[in-house]
Amino acid sequence: MASVELEGLELRYPNGVQAVRGLSLAVADGEFLVLLGPSGCGKSTLLRLVAGLEAPDAGEIRIGGERVNERPPQRRDVAMVFQNYALYPHMTVRANLAFPLRMRRLPRAQIARRVQDTARALGLEALLDRRPGELSGGQRQRVAMGRALVREPAVFLMDEPLSNLDARLRLQVRGEIAELQRRLGVTTLYVTHDQVEAMSLGQRVAVLRAGTIQQLGAPERLYERPANLFVAAFLGTPPMNVFRVALEGAGSAPVLRLGAARVPVPALAAAPAYAGLRPEAFRLAARYPELPAVEVRAAVVERLGPEQVVWFDAPAAAVDPLAAADTPAPRMAARLPPAPALAPGESLDLAFEPAAVHWFDAGGRALARPGT
Ligand code: ADP
């Protein structure tokens, strides 16, 4: 096991795409760190740099404290699992697991022991004599992970390993990966564009956009204190509702206006340009007469069992932070308890705590309140 340190990494592909820009990141020994971001933000490129499949234009990669920039992939002691895991179809699970060790010419007894240990760790013991064609998708994925783990790598790299599995299997294997990683304590870098996967697996999550890290931290920290509008909007389903701030009473006591709601703006480091409210910040106003409230008309109601998501036509100032600058957002969302059941077309008053408002400056950076 080993730490992984990336320092000032740059990578531009021959076609001119700058995939990684001045990126630095330290993964602790035994840590499970998730790289999360939209397609094309450079996640896979970063893994390939660590694995040695790409060489950086600048910067240093250290594994276990040692510079590995000049080392070929097979001498970096990393194992990689991709979404398209290819098992040898004509070999049994046992032979598939043994294959990387046979390539390294390990003694037979040692191969047998490691295969047995890995099979036990992954719950594959009963399947050792089957061929891949006789396994379920989840079992095949476990064998693919086993084939990476059997080498006892210092670092485990996973690139969207669940994306080819159906939803139910994805949940199951996700749980298995989390459990296995905790038990084995292998330093793991895990790439996904799926925020639920990232939040549920990562001890820390690095949110990437256009080859740079937007924020790095524990999942709940990113959710509660997003550093900027991108992170705020990328984490959470439905995403945070964001709108341009219209202030009243400028000067000493500015007030945020959202429909009929008025919220005093707290003392911030700079003037806010955007405000955000998570869908779960809204409640039905009838029971909270003391809170500011907006009157909205439900456009779509999604009854999800434990909750209902109400989409309503957004006030004109609402924007979509993941789109180009100040693109209007047609709808905003509220997550409410399942009862009373709401219907499309219904008018409702939605209240929210002033303290639930996130504030951002004109550049989209979060504005911390004094004392937080
Ligand atoms: P992600 O894994 O986040 O989807 P990638 O690391 O695959 O992103 O890609 C980052 C950027 O680099 C994208 O714009 C992509 O089109 C580009 N890219 C990826 N691989 C290559 C390549 N081999 N040659 C040129 N451009 C590439």
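This report describes the surroundings of the ligand and one open sheet in a predicted model.

Residues are numbered from 1 along each chain as its sequence is written, and side-chain values use heavy atoms, with hydrogens and water left out. Local features need pLDDT of at least 70 and side-chain atom pairs count only at pLDDT 80 or more, while totals for chains, interfaces and linings use all residues.

**Ligand**

The shell around the ligand (residues with a heavy atom within 4 Å of it) includes Tyr-13, Asn-15, Pro-38 and Lys-43. Its residues divide into five nonpolar, six polar and one charged, where Ala, Val, Leu, Ile, Met, Phe, Trp, Tyr, Cys and Pro count as nonpolar, Asp, Glu, Lys and Arg as charged, and the others, Gly among them, as polar. Helix α1, residues 43-51, gives the most to this shell, with three residues; helices (H or I, at least four residues) and strands (E, at least two) are DSSP runs, numbered from the N terminus. The table lists polar contacts of the ligand (pairs of N or O atoms within 3.5 Å).

| Ligand atom | Protein partner | Distance |
|---|---|---|
| nitrogen | Tyr-13, side-chain N or O atom | 3.5 Å |
| oxygen | Cys-41, polar backbone atom | 3.1 Å |
| oxygen | Ser-44, side-chain N or O atom | 2.8 Å |

Of the 560 Å² of accessible area that the ligand has on its own, the protein covers 62% (Shrake-Rupley method, 1.4 Å probe).

**Open sheet**

Four strands form an open sheet in the order β19-β11-β15-β22, with antiparallel pairing, where two strands pair if DSSP finds at least two bridges between them. The edge strands, each pairing on one side only, are β19 (318-319) and β22 (358-360). Strand β11, residues 241-244, pairs with β19 over two bridges in the antiparallel sense, and Val-242 stands opposite Val-319 in β19.

Key:
A polar contact is a pair of N or O atoms within 3.5 Å; within protein, one must be able to donate a hydrogen and the other to accept it, and residues adjacent in sequence count only if both atoms are side-chain atoms.
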